[in-house]
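Visitor: I am new to protein structures, and I would like to know how the words used for them are earned. Could you walk me through one?

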Amino acid sequence: MMELKMGTLSQNGISLLTGLAPEWSAEIVPEGAFLSGPFAKRASACLVPLGKIERADRFAASVRFENIPWWTHPESGRVADKPLPPLAYWVLYRHLPQADGLVPLTLLVPLPTDREAVSLQSTGGASTADVLSLLAETGDTSLPVQGGRCLFVAHGTDLDTLLEKSARAISRALPGARLRGRKPVPAILDKFGWCTWNAFYQTVDREKVLEGLQSFSADGTPPPRFLVLDDGWLDTAPLPCGGDVLKGFEANGRKFPGGLKAFAADVRAASRIDEILVWHAVHGYWRGISPTEPAMRRYRPRPVSMAGDANMKRSSFTWLEGCDQTYLPAIEKLRSFYMDFHRFLQESGISGVKVDNQSSFLYQSNAYAPGKGRTAHAKAFRRALSASAKACFSGCLISCMCDAPEILYEARYDNLARSSDDFFPDRPASHAAHLRANAYFSLWFGQFSWMDWDMFASGHPYGPYHAAGRVLSGGPVYVADAPREHDAGLLRKVVLPDGSVVRCDAPARPALSSLFGDWQKTKEPLVLVNTFLKGQYGVAGIFQAEPGEAAAAAFRSGCQAVRASDLPGKSGKRRGVWAVWAHGSKLLRVLAKPEKEMGPFDVRGIAERCPLGCELLTFAPVVGGLAIVGIEEMLFAAAPIAQVGHSATGVSARFRMGGTLVAYARKKPSGVFFEDRPVPFGYDPETGRIDCTIPDSGMLRIQA
């Protein structure tokens, strides 16, 4: 148990935070401690000294971009070399090893109070990087900070246990912060999808969408099973000062003749689409709802200006054109606005919504809800939005531009949040940063929602890189290719023939060995890990950190250094033998110990197929000298396996598709059977690989 005494927060006699002012108090719970602080300054923003983190060696964090309120970026490295930047939403410290060899970890999570947002930062430069402060902001110049329970601290030596127990504690303390596993899973997570954004941007119309869907079926590509109709479909009007507002709920009649209901019927008749999601901004459209249209006037639109905060100037809102007014529904009309909008969509055949620009609500409190603060403001709109999505779409809501704790901790009924900025096809430097930002954000906030790593373009040069990331992300897999520009071969490596995809057990996270690296200096690759079939299988992705030979060399070394012990949860700690299949290198390797590194193998061909190298490793347990790993043609070989079982006489697995089998046997098996019929097979005694083709979906059995 933790203890706060004489300004020191400790656990079992080990000092974690020292130098806390006497006014700090602690609520001790089995999982850690909630700290309440004194925000005595009579101002709307207050930087409060916290204390010094003891014996910290390295750190990792998700930090909001200084001038971009919607997204975060990852920070990591040696504490002595770099301070924690302002606006950290969580930070994980790694301490020096204990006498028993275990490496302690301390997690700090700032918590929004009833009226203010809270974040962490170092107090000074690199020389005082281990001295921390809390920044509290009400977002309303008329409302001073008041303090309260604002920080959770937990300590342990196992990362997954630390994250899970901390999330449980916070979910009890914040009623809106419901755990991911306690909310329904959106149906789109198990299906392949297509989004119209990068294909058409705001020029989308009915004919283009139908053409795009038809192009998938023309070359044998697995069919998309859900569609996201992105920005460009709504009926909008320009404001005199610039920007556009929403006129009504119906689709633009010029682009979608017959209306949204007719379009949805046409889509389902012409394709295998099950779910159709449509985009809208959190205010209706980017500049809100029309102040003159009768259909919108019932929601009492009022002009509201954006306001900055302690780390962001109003000039940061560069997307505003001409003037910075946005016409928002009155706060007392939010619930009816969302319910009316979403009921119309539901009656038109729409299955869910992607709601954009959500964090903008946090910077309108001054004028929109004076005297309440940005946290109360966030709760009001977020509760109305989540309740409407539950009532109309069974919670099928993609929350976008929402990466702020005040919003994410109010996802009561919805269970999918965008975890990074967009996929930018024309920015080569963005691709590695995109995966890293998603992975770090998912590490913590993935405890509360499934994470959407955004669409990508399969036909893009970096398509294989992004496809590998999406396969192990645990989130949705959907592309935004223009008609006839997708890579059918790549998609067949990701999507099952019926258009379904396979979801890993949880949102992917960085491997502990990769999490704390200062990759900007060392060019170390990003190693992402996950599990499958409730931990029976593991998957690891190794991703080159950036373009260039230094990063490519680090990528080659990183592939060799991955171990079974890097996997999350029990899989990484299981004793025994693992069979490991490297998709890009076509190598089957057996690891007798989880701590054993993969060792050298040839990855030169991987970089030749993609400007940034990426490799996916599938881990399968070897039981009784046998392991069924999966299908060679898939990026994640185990993806087609629906179930696996071991017995005294062999191993069996039910497959959802056919293909080239990847399986291991310590000695040549006595037989291989598909649907209880013997099938011919070969055996390589040097590698232990069984050479066999599975004709279709069904049950495969390998007899010892």
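**How the words are earned**

Guide: Let us start with one pair: the side chain of Thr18 makes a polar contact with the side chain of Glu54, at 2.7 Å. Before we go on, this is a predicted model, in which local features need pLDDT of at least 70 and side-chain atom pairs count only at pLDDT 80 or more, while totals for chains, interfaces and linings use all residues. Residues are numbered from 1 along each chain as its sequence is written, and side-chain values use heavy atoms, with hydrogens and water left out.

Visitor: What makes the link between Thr18 and Glu54 a polar contact?

Guide: The term asks for a pair of N or O atoms within 3.5 Å; within protein, one must be able to donate a hydrogen and the other to accept it, and residues adjacent in sequence count only if both atoms are side-chain atoms. The distance here is 2.7 Å, so it falls within the 3.5 Å limit.

Visitor: Why is Thr18 called buried?

Guide: Buried means under 20% relative accessible area, exposed means over 50%, and partly exposed lies in between (1.4 Å probe, protein chains only). Thr18 has a relative accessible area of 17%, so it counts as buried.

Visitor: Where is Thr18, and what does it touch?

Guide: Thr18 lies in strand S3, residues 14-18. Strands (E, at least two residues) and helices (H or I, at least four) are DSSP runs, numbered from the N terminus. Not counting residues up to four places away in sequence, Thr18 touches Gly7, Thr8, Gly51, Lys52 and Glu54; contact means heavy atoms within 4.5 Å.

Visitor: Is Ser10 buried or exposed?

Guide: Ser10 has a relative accessible area of 10%, so it is buried. Ser10 sits in strand S2, residues 8-11, and with the same sequence neighbours set aside, its contacts are Met1, Met2, Glu3, Ser15 and Leu16.

Visitor: How do you know that Leu397 is buried?

Guide: Its relative accessible area is 1%, so Leu397 earns the word. Leu397 belongs to strand S22 (residues 397-399). Beyond its neighbours within four places in sequence, Leu397 is in contact with Val353, Val355, Arg382, Leu385, Ala389, Asp414 and Leu416.

Visitor: Why does His377 count as buried?

Guide: His377 counts as buried because its relative accessibility is 1%. His377 is found in helix H8, residues 374-393, and its side chain reaches the backbone oxygen of Phe361 at 3.1 Å.

Visitor: What makes helix H11 mostly covered?

Guide: In H11, residues 463-473, 10 of the 11 residues are buried. Among the buried ones are Tyr465, His466, Gly469 and Arg470. The buried residues of H11 pack against several elements, including helix H10 (430-445), strand S25 (477-479) and helix H12 (488-492). Just after H11, Gly474 takes a positive phi of about 85°.

Visitor: Why are H10 and H11 called roughly parallel?

Guide: Axes are lines fitted to C-alpha atoms, for helices over the stretch in contact, and angles run from 0 to 180 degrees between N-to-C directions. The axes of H10 and H11 come within 10 Å and cross at roughly 5°. That makes H10 roughly parallel to H11, because angles under 35 degrees count as roughly parallel, over 145 as roughly antiparallel, 65 to 115 as roughly perpendicular and the rest as oblique.

Visitor: Which residues of H10 and H11 meet?

Guide: His431, Ala432, His434 and Leu435 in H10 meet Tyr465, His466, Gly469 and Arg470 in H11. The residues of this contact divide into 3 nonpolar, 4 polar and 1 charged. Here Ala, Val, Leu, Ile, Met, Phe, Trp, Tyr, Cys and Pro count as nonpolar, Asp, Glu, Lys and Arg as charged, and the others, Gly among them, as polar.

Visitor: How do you know that S33 and S34 pair?

Guide: Two strands pair if DSSP finds at least two bridges between them. S33 and S34 (residues 650-655) have 6 bridges, in the antiparallel sense, so they meet the requirement of at least two. Gln643 stands opposite Arg654 in S34.

Visitor: What makes S33 and S37 edge strands?

Guide: They belong to an open sheet of 5 strands with the order S33-S34-S41-S36-S37 and antiparallel pairing. S33 (641-647) and S37 (677-678) each have a single partner strand, so one side of each is left without a neighbour in the sheet.
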